[in-house]
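The following exercises are meant for a reader who meets this structure for the opening time. Each task is followed by a solution in steps.

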Amino acid sequence: MSTYSLAEAQDSLWLARLRRFFRWLTTPYVFLSLIMVVVMFYLVIIPLWSMFVTTITVSELDLRVIPEASLGDMTSYHWRRMLIGQIAKIMTYEPLVNSLVISLGATFLALIMGGGMAWLVVRTDIPGKEIIHMLATVPYIMPSWTISLAWKVIFKSTSVSGGVPGLLQFFTGIAPPIWLSNGALPIIIACGLHYYTFYFLFVSAALLSIDSSLEEAGDLAGASRGRILRKITFPLVLPAIASGFIMTFSKTMGTFGGPNVLGVPVGYYTLSTMLRSNMGIGNYGDGFVTAIVLILFSMTTVMINQKLIGTRRSYETIGGRGFMAQKMKLRGWRPVFIVLIVIVQFSIAILPLAVLIYSTFMLRSGNYSLSNFTLHHWIGQSDLSINQGDPGILLNKAIYRAAWNSIRLSLWASFIGGVIGVILGYAIVKGRGTRLSKIVEQLAFIPYLIPGIAFGAVYISMFTKSFFGLPPLYGTFALLVVVSVAKHIPHSSRTGVSSMMQVGSELEEAAAISGANAWQRFKRIIFPLTSPGFVSAFLLNFITTMRELSLIILLVTPATAVLSSMTMRYIENGNEQQANAVIIVLIVLVLIGNAIISRFRGGSLKKGLESSK
């Protein structure tokens with residue numbers, strides 16, 4: 001009898017544990033967290049592992065140089081070749097140094113410009129602050145290589161082999177030196193001018209939260225304005241500067257458009273352009289080694305940056321006492337700073353577009369006189385002597401197909417990314433402090449650390465063959481959607497978390513007590529209250545996807561071409577005026593999309609960017 005009672009007690013204990021586990025498993029945030037773990041694992045971890053396996057596996061192409069091997073054997077050939085072989089210096093180390101030089105240079109330039117402009121707008125009495133804020137987001141709307149194309153139009157030089165004169169040489173007769181027309185310096189300037197938006201927005205938000213009495217105390221103590229900036233203001237905005245560094249450095253490290261336009265013509269290769277070169281000839285093993293090196297250096301630099309920032313105990317600037325944010329009067333310096341900001345904003349937001357539009361009306365490159373004026377690149381009929389016979393872009397069916405691909409890709413990626421962002425936000429916030437929540441948050445952050453072109457390479461390794469029952473997706477539109485959603489998960493996640501933290505848990509608890517199930521609570525309470533965040537994430541992902549190039553350059557085919565890839569194809573074919581016309585169309589479509597989407601539920605690009613820190 002006692003034995004029976006003991007067995008019965010053990011069964012009851014197991015049943016109780018099973019019921020507790022089932023209740024835990026069916027808790028909404030746990031259930032959604034587990035789903036997101038599976039999704040993140042599938043979209044991020046497995047592709048990374050697949051890419052690494054490709055680098056240590058013998059392929060058909062490798063059999064020519066490893067004749068004693070069999071297909072599928074393990075090998076260290078690609079790692080030895082790319083890291084210690086005779087070509088390692090040219091294929092790996094020189095491009096790595098070039099990538100680091102460009103990324104650090106562009107990040108420093110963006111910090112000086114964005115941080116300085118943020119200080120002027122927030123901490124001084126400079127006029128036109130709303131206009132400055134509006135113009136500050138324009139570079140993010142433009143594709144990252146827009147300024148590179150404009151730079152090329154202005155500073156093209158006959159000093160470059162096969163080069164034609166640009167605007168500067170045409171009107172002055174002076175050929176710019178190669179270091180000014182191509183190479184590291186122009187790439188750094190173009191990337192820095194484009195990505196300064198991050199520093200401007202992040203530092204502005206940080207400065208708005210700093211009590212100006214802290215700086216006034218330093219002033220009363222006799223510290224100079226420069227010392228106050230170095231010892232008080234700068235340390236307090238250090239977390240915002242770190243966020244700007246992560247965004248700018250990681251973006252520049254993996255950027256492809258600018259280095260391809262301004263670097264490749266003179267043999268100045270970065271890891272991104274070298275990766276594209278290897279992948280273009282089907283050398284996946286070597287290409288994936290380059291991708292892994294790019295990922296490791298980008299991740300290491302970002303993590304070191306976060307570690308250094310994390311050594312500070314506190315960045316608290318807001319307490320329980322009164323808060324003051326007084327403006328410094330510029331006095332006699334006011335006209336100087338106004339002129340400086342006008343020049344900078346004009347050079348970044350207006351001049352590049354004006355130069356590109358002007359170039360589209362020039363029939364032949366290098367001749368910017370009115371006698372060379374034409375509308376052929378816009379509405380011209382097919383002529384074999386111009387642009388290899390392609391008609392003007394407004395009469396070109398391939399352009400309309402690419403425009404439709406760009407729009408539907410952006411809409412699909414933005415919608416799916418926005419939904420995933422809301423789910424991730426709910427799972428992370430409701431499970432805050434639990435190990436499961438931390439795992440989900442860390443997995444969602446990983447794509448943030450992987451440069452765009454390397455992330456695209458990851459998906460080649462996974463989807464060139466059947467995978468877990470899925471057919472090969474390489475060359476399909478679906479693959480572009482998947483990679484775009486996966487890469488932008490960090491943005492969606494941060495926006496979702498930011499929105500979800502504003503929703504009190506008592507609202508959902510009251511609905512649950514009233515008998516509402518999980519779906520009803522989500523539909524009637526959670527989503528309506530977080531919809532501004534959803535729209536902001538949708539808008540951020542829409543703009544990012546519309547102008548994306550680095551991420552998809554390895555994945556697009558003629559059938560899945562988008563406007564950004566068409567631009568680069570025209571540039572590489574020497575059809576610069578066509579390329580410039582396409583990029584203008586792309587920017588117009590992005591502006592239209594931004595205007596339409598921003599009207600819904602209070603979403604904005606600025607909110608999306610600030611919440612993605």
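## Exercises on burial and charge pairs

At 1% relative accessibility, D286 counts as buried, where buried means under 20% relative accessible area, exposed over 50%, and partly exposed in between (1.4 Å probe, protein chains only). The model is predicted, so local features need pLDDT of at least 70 and side-chain atom pairs count only at pLDDT 80 or more, while totals for chains, interfaces and linings use all residues. Residues are numbered from 1 along each chain as its sequence is written, and side-chain values use heavy atoms, with hydrogens and water left out.

**Exercise 1.** Determine which residue meets the side chain of D286 in a salt bridge.

*Solution.* Step one is the criterion: a salt bridge is a side-chain nitrogen of Lys or Arg within 4 Å of a carboxyl oxygen of Asp or Glu. Step two is the pair: the partner of D286 is R81, at 2.5 Å from N to O. Step three is the location: D286 belongs to helix α16 (residues 284-310) and R81 to helix α3 (residues 77-83), 205 residues apart. Helices are DSSP runs (H or I, at least four residues), numbered from the N terminus. Step four is accessibility: R81, at 28%, counts as partly exposed.

**Exercise 2.** Describe the salt bridge of E572 and that of D390.

*Solution.* First, the side chain of E572 meets that of R276 at 2.7 Å, N to O. Because E572 lies in helix α26 (residues 563-572) and R276 in helix α15 (residues 271-280), this pair ties together parts that are 296 residues apart in sequence. E572 is partly exposed at 41%, and R276 is partly exposed at 21%. Next, D390 pairs with R569, with the closest N and O atoms 3.7 Å apart. D390 sits in the loop between α18 (376-379) and α19 (397-430), whereas R569 is in helix α26, 179 residues away. R569 has a relative accessible area of 39% and is partly exposed.

**Exercise 3.** State which residues are joined into one network by salt bridges that share partners.

*Solution.* The network consists of K152, K156 and E576. A search of the whole structure finds five salt bridges.

**Exercise 4.** Summarise the chain as a whole.

*Solution.* Begin with the helices: the chain has 28 of them and zero strands, a strand being a DSSP run (E) of at least two residues. Then consider burial: 53% of the 613 residues count as buried. Finally, take contacts (heavy atoms within 4.5 Å): among those with a separation of 6 or more, residues 24 or more positions apart account for 76%.
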